[in-house]
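Visitor: I'm new here and would love a close look at a single part of this structure. Could you walk me through one place where two helices meet?

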Amino acid sequence: MRVIVVGAGLGGLTLAQGLHRAGIDVVVYEREGEQGRPQGISLHVDDRGATALRACLPPGHAAMAEATMGGPRRETLSLTETDGKLTVLGARPLDGTARAARPGRQTARPLLRAVLLTGLEDRVRFGARFTRFERRADGRVRAWFAGGGSDTADVLVGADGIGSAVRRQYLPHVRVLDTGTHMLMGATPLRSVAGTGLPELIGHNAATVRVRGAMMALGVLRFTQPPVAARDRWLPALRGPAVTLAEDYVMWALPVTGERPGPEESPAEVWHRARKAAETLHPVLRTIVGRAWPGVTVALRGATMPAVPAWPAGPVTVIGDAIHAAPGFGGNLAMQDAHRLRDALVRAARGERELPAAIGEYEDAMRLDGFAAPMPPVRVPGGTGGAERRA
Ligand SMILES: Cc1cc2nc3c(=O)[nH]c(=O)nc-3n(C[C@H](O)[C@H](O)[C@H](O)COP(=O)(O)OP(=O)(O)OC[C@H]3O[C@@H](n4cnc5c(N)ncnc54)[C@H](O)[C@@H]3O)c2cc1C
């Protein structure tokens, strides 16, 4: 069996690792270069993402991913200002109920991406933008890329994010709706906020601060093992700055109203906007935004994708943001989809299931979980990489 995956994001790379490990011929086509596009720095990984990583990655990769996550996050703390100081007002469990994330651990997205790419060097084609596919009489699928190149496989997987070109052709009736919400997100080295008391106040938990009429979400990632030591132990083949430059940080998110992000806004421009939005906040929060890494600041717009009725399964399918929108846990759903689809394709490759039936089983499970989720944050076009919307 040969599989073409479009998109080297969390879902596409987790799937490619899983298929490669199972001995299935897989190739990933990614429109961006090797560094990818700005997607922020932090990711809350819950049981769905962690299970998918353990199942799809080789043991050394999975151990590296786990060793470089932060500590367990079980609660969201509510912070307030008392006599000029930030204090904890209360705590809500991260229990996966409506509007609450599941318990999990923070991971640094660039580091996870580097782990996911390790070992797939000859399987991923960068700078290859998928444009369209055609289904052939022999049941196979031919994918076309900008510049006129093409490739043929038994299965084509659209893992190409919210603006998915695969989905646009395959399921043209799917709509992506802008919710009108808007958030600025970034990260700040922990050493830059030492002495403020905030990292100690939060621990590993998520936190929400409501002071002076504004709201800010916060989280701290302290690597469980130093990334270089973990790399040397678990995945020596992993190279590059994602490991050597990794350091503990505070991630932050600021909901903003009014001014809409421009299409060509760079991460540095988004950071300047965040600093402006933070001007009236508590001094510690202003410090956090002011000392952030400008290059990883992103602007997000909320979007929702209404549920889509089941379609007949075939050799083309979709995973992750390409087919469902999830508020703050889209990465976990994308990895869960990858895990489920990997299992389905392995069953088909072994002759235990017909290919369309296996893909149909994956899609049924994906629809059940993925379509239950409204309003995720979605990257803004231009400065943050280009999420496309159809209303
Ligand atoms: C700042 C931020 C914070 C987030 N925090 C969390 C979190 O804490 N937990 C969580 O679970 N989720 C989080 N998310 C959501 C999560 O990042 C997404 O849901 C997840 O990345 C979706 O993965 P994916 O593989 O489906 O798509 P993507 O990660 O969007 O990957 C799609 C890939 O396809 C490529 N592509 C697109 N079009 C083409 C084409 N035509 N040809 C070839 N390649 C193409 C893109 O370049 C991209 O690399 C966050 C998102 C952002 C932006």
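Guide: Happily! In this predicted model, helix H3 (residues 59-67) and helix H7 (residues 227-234) have axes that come within 9 Å and cross at roughly 165°. H3 is therefore roughly antiparallel to H7, a label for angles over 145 degrees. Here axes are lines fitted to C-alpha atoms over the stretch in contact, and angles run from 0 to 180 degrees between N-to-C directions. The helices are DSSP runs (H or I, at least four residues), numbered from the N terminus.

The crossing of H3 and H7 is right-handed, meaning that the near helix is turned clockwise from the far one by less than a right angle. On the H3 side, the contact (heavy atoms within 4.5 Å) is made by Gly 60, Ala 63, Met 64 and Ala 67. H7 brings Pro 227, Ala 230, Arg 231 and Trp 234 to it. Sorted by class, the contact has 6 nonpolar, 1 polar and 1 charged residues. In this sorting, Ala, Val, Leu, Ile, Met, Phe, Trp, Tyr, Cys and Pro are nonpolar, Asp, Glu, Lys and Arg are charged, and the others, Gly among them, are polar.

For contrast, try another pair: the axes of H1 (residues 10-21) and H4 (residues 109-117) come within 9 Å and cross at roughly 30°. The crossing of H1 and H4 is left-handed.

A note on reading all this: residues are numbered from 1 along each chain as its sequence is written. Local features need pLDDT of at least 70, side-chain atom pairs count only at pLDDT 80 or more, totals for chains, interfaces and linings use all residues, and side-chain values use heavy atoms, leaving out hydrogens and water.

Technical notes:
Helix = DSSP H or I, 4+ residues; strand = E, 2+ residues; numbered from the N terminus. Parallel < 35°, antiparallel > 145°, perpendicular 65-115°, else oblique.
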